[in-house]
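Me: I've got a model open and I'd like to learn how to read it. Could you take me through it one feature at a time?

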Amino acid sequence: MTALAPRPGETFVDATVGRGGHAEAILRQVLPGGRLLGLDRDAENLAFSAVRLAGLIGAAEVPPIEPRNGSAPAAGPLRLVHADFARLGEVLAARDLAADGILADLGIASTHVDDPTRGFSFRGDGPLDMRLDRRQGPTAAELLASLSETEIARAIRVLGEEPLASAIARKIARVREATPISTTSQLAALVRDAYGSRAGRSRMHPATRTFMALRIAVNDELGSLRSLLASISDAAASLAAGRSSWLRPGARLAVISFHSLEDRMVKHAFADLAARGLASLPFRRPVEAGEEEVARNPRSRSAKLRVAMVGGAVGGAPLQVP
Ligand SMILES: C[S@@+](CC[C@H](N)C(=O)[O-])C[C@H]1O[C@@H](n2cnc3c(N)ncnc32)[C@H](O)[C@@H]1O
């Protein structure tokens, strides 16, 4: 919030509204006069956030959740859109909005992991689904049925950084010849088998990396981030060239990532903006959670926050790493 510095009257985007924690904090600061546009691929999280934010601004001010290309005029302080942030530029342009700040808090929400029916977790049994947007396929089960053994091994190695990727993919290929792999407990047991006696030596569950890799593949999470960063770059270039843009001068961009591949993409994209003179970077290194925060919220352990300020820093004062 220090980096984003939302001010009354400004237009902010929370590209990953989730359960509305950041959205609520931002909305408080842009009021009066400002507005928040919240996106999520997950319809259930959007619905939850609508109720949560109604507690802040009143139910009458919370409009129905909009489809991506819906552009009904809205004067209220909040708009919630069921969309992939890969299409953020389109979503803003269709609504004739330009952003003073954008936050993307990547990945999945705790509730995804905690709900066995969504298929993200190896704790508890459920269908092997893992889709953030349940309107669109394929599910994790469908992906495991359709990819070749080599493709599965590659996904688990690259996206999950799993050293035993080949052995796990081999096991998957063998098992699926006899039975479709359709539940989370089936996949978890199969990965444990592939680990064999090595399972006991690992601090985390042997299926942790495989589940993460599959989830990233199912939702093409790296592809969405690539599109978001490319569209931000285009919008910043348009702004600098004096063309119409959905970024306002001085817009603050903040991305929180939980995966080294994502963090690398953000780091390079922001460094490129800075090198082209389109943005300044207030922190040399990513901001990470301190010991006290990790103790309070263990899932913050791997979070890395990177910030860029379009067209240079606003307000003059350099930001302090909290
Ligand atoms: C870490 S949670 C966000 C938590 C949120 N900041 C809060 O305070 O509750 C990530 C959210 O981003 C959503 N998400 C992930 N990838 C997305 C994408 N490409 N486009 C839109 N939403 C996405 C997920 O559905 C999930 O709800």
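Me: Let's start with Ala98: which residues does Ala98 touch, leaving out those up to four places away in sequence?
Reply: A contact means that two C-beta atoms, placed from the backbone, lie within 7 Å. By that rule Ala98 touches Thr11, Leu92, Ser245, Trp246, Leu247 and Arg248. Keep in mind that this is a predicted model, where local features need pLDDT of at least 70, side-chain atom pairs count only at pLDDT 80 or more, and totals for chains, interfaces and linings use all residues. Residues are numbered from 1 along each chain as its sequence is written.

Me: Where does Ala98 sit, and why does Ala98 count as partly exposed?
Reply: Helices (H or I, at least four residues) and strands (E, at least two) are DSSP runs, numbered from the N terminus. Ala98 is in the loop between helix H3 (88–94) and strand S5 (99–105). For burial, count the other C-beta atoms, placed from the backbone, within 10 Å of the residue's own: 20 or more is buried, 12 or fewer is exposed, and in between is partly exposed. Ala98 has 18 such neighbours, so Ala98 counts as partly exposed. Across the protein chain, 43% of the 322 residues count as buried.

Me: How do I read strand pairing, say for S4?
Reply: Two strands pair if DSSP finds at least two bridges between them. Strand S2 (residues 35–40) runs parallel to S4, with five bridges, and one partnership is Leu36 with Leu78 of S4. Strand S3 (residues 66–67) is also parallel to S4, joined by two bridges; there, Glu66 has Val81 of S4 as its bridge partner. As for cover, four of the five residues of S4 (residues 78–82) are buried.

Me: What surrounds the ligand?
Reply: A residue is near a molecule if its C-beta atom, placed from the backbone, lies within 6 Å of it. There are 20 residues around the ligand, and Thr16, Gly18, Gly21, Asp42 and Ser224 come nearest. Helix H1 (21–30) and S2 each supply at least two residues of that shell.

Me: And the whole chain: what do the domains look like?
Reply: Domain bounds come from an automatic or database domain assignment. Here that gives domain 1 (11–110 + 221–310) and domain 2 (134–218), with C-alpha centres 31 Å apart. Altogether the protein chain has 12 helices and nine strands, and its C-alpha atoms fill a box of roughly 60 × 40 × 40 Å along the principal axes.
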